[in-house]
Amino acid sequence: MARALVTGAGGFVGANLVRALIARNDEVHACVRPGSSSWRLQGIEKALTIHEVDTTRPEDIERAVVESKPAFVFHLAHYGG
């Protein structure tokens with residue numbers, strides 16, 4: 001079991017990666033934009049820790065990393081579609 005931090009966890013690719021990591025019994029910390037709809041993570045909220053992170057703010061990123069202490073970081077956040 002590994003601890004993973006996933007940015008962009010509310011997006012299509014991120015949410016599918018989060019589900020795959022949970023299926024492997026990894027400890028998952030999911031970063032989502034503040035105020036965003038995380039509907040793709042519905043039904044699995046109890047299996048992960050959600051962090052609201054504005055990736056344009058270094059202090060938000062630092063807080064998520066310090067709190068989660070990840071072994072792996074999957075940076076999937078992006079701007080636009």
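**Pocket lining and core around Val18**

The residues that line the largest pocket divide into 10 nonpolar, 11 polar and three charged, where Ala, Val, Leu, Ile, Met, Phe, Trp, Tyr, Cys and Pro count as nonpolar, Asp, Glu, Lys and Arg as charged, and the others, Gly among them, as polar. This is a predicted model, in which local features need pLDDT of at least 70 and side-chain atom pairs count only at pLDDT 80 or more, while totals for chains, interfaces and linings use all residues. Residues are numbered from 1 along each chain as its sequence is written, and side-chain values use heavy atoms, with hydrogens and water left out.

Let me turn to the core. Of the 13 residues in the largest nonpolar core (buried Ala, Val, Leu, Ile, Met, Phe, Trp, Tyr and Cys residues joined through side-chain atoms within 4.5 Å), those that touch the most other members are Ala9, Val18, Val28, Leu41 and Leu48. Helix H1 supplies four residues, the largest share of this core, helices being DSSP runs of H or I with at least four residues, numbered from the N terminus.

Val18 itself lies in helix H1, which covers residues 12-23. Val18 counts as buried because its relative accessibility is 0%, buried meaning under 20% relative accessible area with a 1.4 Å probe and protein chains only. Apart from neighbours within four places in sequence, Val18 is in contact (heavy atoms within 4.5 Å) with Val6, Ala9, Val28, Leu41, Ile44 and Leu48. Leu48, in turn, touches Val18, Ile22, Val28 and Ala30, when residues up to four places away in sequence are not counted.

Conventions
Helices (H or I, at least four residues) and strands (E, at least two) are DSSP runs, numbered from the N terminus. Buried means under 20% relative accessible area, exposed over 50%, partly exposed in between (1.4 Å probe, protein chains only).
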